[in-house]
Amino acid sequence: RGWCWGELEAEGGTLTMFSRDKDGKSGTGTDKQEVFSVPLQEVSQVSLPNKNELALEFGVDDTAEPSDECLVEMRFAIPDEDRAKALDAAVRKRADTSAFAGESIVNFPEVPVFVPRGRYEVDLFPNHIKMHGKSVDFKILYSSISRLFLLPKPDEIHVTFVMSLDPPVRQGNTMYPHLVFQFKSDEECDAEINIPADELEGKFNGKLKPKESGEVWRVFSKVTRHISGKPLHVPKSYESFHKQRAVRTALGANEGYLFFLESSFFFVIKPPTYIRFDDVQSVEFKRMELERRFDLLIIHSLGQCLFSNIERVEFDKIYEFLKSKNLPVEHVQTAAAEAPNLMLDDDGESDEEDDDFDPSKAPGAAAKKAGGGAKADSDGEPMEE
C-alpha cells in the first residue's frame with residue numbers, strides 16, 4: 001500500500017530509513033537494515049504540515065523529459081511530536097533551502113484562491129512567495145513566475161489575478177501552471193512593507209511605500225509585481241458589446257470568461273487557459289446559424305479550444321479585434337452570410353503587445369468599470385485598464 005514502518009535518522013548529508021524487526025522494534029547496531037536513503041542536498045523545502053508529519057519537497061529537475069517520472073515530495077508520519085520537531089530541525093540544518101531564506105517582506109492573510117481552491121496566507125519573501133493553506137503549502141521562486149495578469153471580471157464585483165508559472169507547482173498528481181486569485185473589487189486593506197525606507201526608495205525607485213493602502217486587488221498586484229520584478233498584463237484595447245474586457249463563454253463543461261489581451265487570449269476560471277497569438281494557427285466561428293449564440297474555435301500549436309455559447313451580439317467586436325491582430329480567421333464569409341449586418345470592412349491593424357501595467361496608477365473604479373477604456377491618473381497620464 002505504499003506504507004513502510006521504521007526509524008528515520010539524519011546523519012551527514014543523508015536521511016535514512018531503517019526497518020523494524022519482526023517484533024516491531026528497531027534494529028540496533030549491525031541488526032539495522034537500511035530501507036532507503038535520501039540525499040538531503042536534493043531537498044528544496046522542509047515543513048511540518050501537522051505535529052506528527054514531516055514533509056520533504058525536492059527541486060525540479062530541469063533536464064527531465066515531460067514523460068519522465070520524478071520524485072517531488074515525501075511525507076513521513078511520526079507519532080512522537082518531539083521526534084518530528086527534532087527531525088525537522090536536523091533536516092533543515094542539512095538540506096539546501098538557501099533559495100527560500102530571508103524574512104517576510106509583506107503578509108496578506110486569508111487570500112481567496114480558485115486554482116488550487118482554498119484560502120491561503122500569502123507571504124512575499126526576498127526570493128520567493130509562500131502560500132500557506134489548511135492542508136498544503138506552496139513555495140514559489142520568483143524566477144519560476146513567467147508572467148502576471150490582472151483581469152477585471154465583467155460581473156463588476158470581482159477582479160482576477162493570475163500568476164503563470166514555469167515550472168508549475170504540483171499537488172499530488174495535479175500540476176498547476178497558473179495560480180488564480182480572486183478579489184472583491186471594493187474590499188480594502190493596509191499592507192506594511194518590511195523594508196527600510198532608504199532601501200525601499202533605492203531598490204524600487206519610490207514605486208512602493210512603507211505602507212500600501214487601497215483595494216486588496218490593487219495592493220496585492222502592485223506589491224507582487226514590483227517585488228517579483230515580473231510584468232503585469234491587463235486587457236487594453238478590446239471592448240465587448242457590453243463595454244467589458246471579456247465575454248462570457250464556456251470551455252467544455254466549465255463556464256467562465258474569455259479575455260482578449262494584446263498578444264494572447266486568457267480564459268478563467270477553470271481550467272485557466274493561456275493562448276499566445278503567435279501559437280494560433282486558425283480561428284473559426286461555429287454554429288452561426290443559431291439566433292442568439294455562436295462558438296469560437298481556436299486551433300493552436302498545442303491543440304484546440306472550443307469556446308461555446310458566446311452571445312451573438314459579440315460577433316462584430318470579436319471579429320474586428322481578431323482582424324486588427326492579423327489572426328487567421330477561416331470561413332468568415334460563410335459566417336457573414338449566416339449572420340447578416342456583420343462589420344467585415346474594417347482594415348484597422350495593431351502591432352501592440354501586452355504592456356507592463358502599474359496598478360497604482362489605475363483609477364479607483366477600474367475594477368467596477370472594467371472596459372471603460374484609457375483613463376487618467378492623478379498626474380494626467382493615461383492608463384489602460
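Biologist: I see β12 and β13 side by side in this model. How do they pair, and over how many bridges?

Modeller: Strand β12, residues 158-171, runs antiparallel to β13, with ten bridges between them. Keep in mind that this is a predicted model. As a general idea, strands of a sheet pair through backbone hydrogen bonds, either parallel or antiparallel. To see one bridge here, find V159: its partner in β13 is F183.

Biologist: What does helix α3 touch on the sheet?

Modeller: Helix α3, residues 216-228, packs on the sheet and touches β7, β8, β11, β12, β13 and β16. The direction of α3 makes about 160° with that of β11.

Biologist: Back to β13, then. Which bridges tie β7 to it?

Modeller: Two bridges join β7 to β13, residues 174-184, and the two strands run antiparallel. In one of these pairings, V113 has F181 as its bridge partner in β13.

Biologist: And how many bridges join β7 to β8?

Modeller: Seven, again with the strands antiparallel; β7 covers residues 106-115 and β8 covers 117-124. A hairpin of one residue links β7 to β8. For a bridge to look up, V106 pairs with L124 in β8.

Biologist: In what order do the strands of the sheet line up?

Modeller: Read across, the order is β10-β9-β8-β7-β13-β12-β11-β16, which makes eight strands in an open sheet with mixed pairing. Strands β10 (137-141) and β16 (232-233) each have a single partner strand, so one side of each is left without a neighbour in the sheet.

Biologist: How should I think about side chains along a strand?

Modeller: In a regular strand the side chains alternate between the two faces of the sheet. For a single residue to look at here, try S164, which is found in strand β12.

Biologist: Is S164 buried or exposed?

Modeller: Its relative accessibility is 1%, and buried means under 20%, so S164 counts as buried. Leaving out residues up to four places away in sequence, S164 touches S144, I145, S146, R147, F149, P177, H178 and F266.

Biologist: Which residues touch the most other members of the largest nonpolar core?

Modeller: F108, V122 and F181 do, in a core of 53 residues. You met F181 already as the bridge partner of V113. Setting aside residues up to four places away in sequence, the contacts of F108 are Y120, E121, V122, L124, C189, A191, V219, F220 and V223. There is also a second, separate core of 25 residues, with L296, I298, I318 and F321 among them.

Note on methods: Residues are numbered from 1 along each chain as its sequence is written. This is a predicted model: local features need pLDDT of at least 70, side-chain atom pairs count only at pLDDT 80 or more; totals for chains, interfaces and linings use all residues. Side-chain values use heavy atoms; hydrogens and water are left out. A nonpolar core is a set of buried Ala, Val, Leu, Ile, Met, Phe, Trp, Tyr and Cys residues joined through side-chain atoms within 4.5 Å. Buried means under 20% relative accessible area, exposed over 50%, partly exposed in between (1.4 Å probe, protein chains only). Contact means heavy atoms within 4.5 Å. Two strands pair if DSSP finds at least two bridges between them. Helices (H or I, at least four residues) and strands (E, at least two) are DSSP runs, numbered from the N terminus. Axes are lines fitted to C-alpha atoms, for helices over the stretch in contact, and angles run from 0 to 180 degrees between N-to-C directions.
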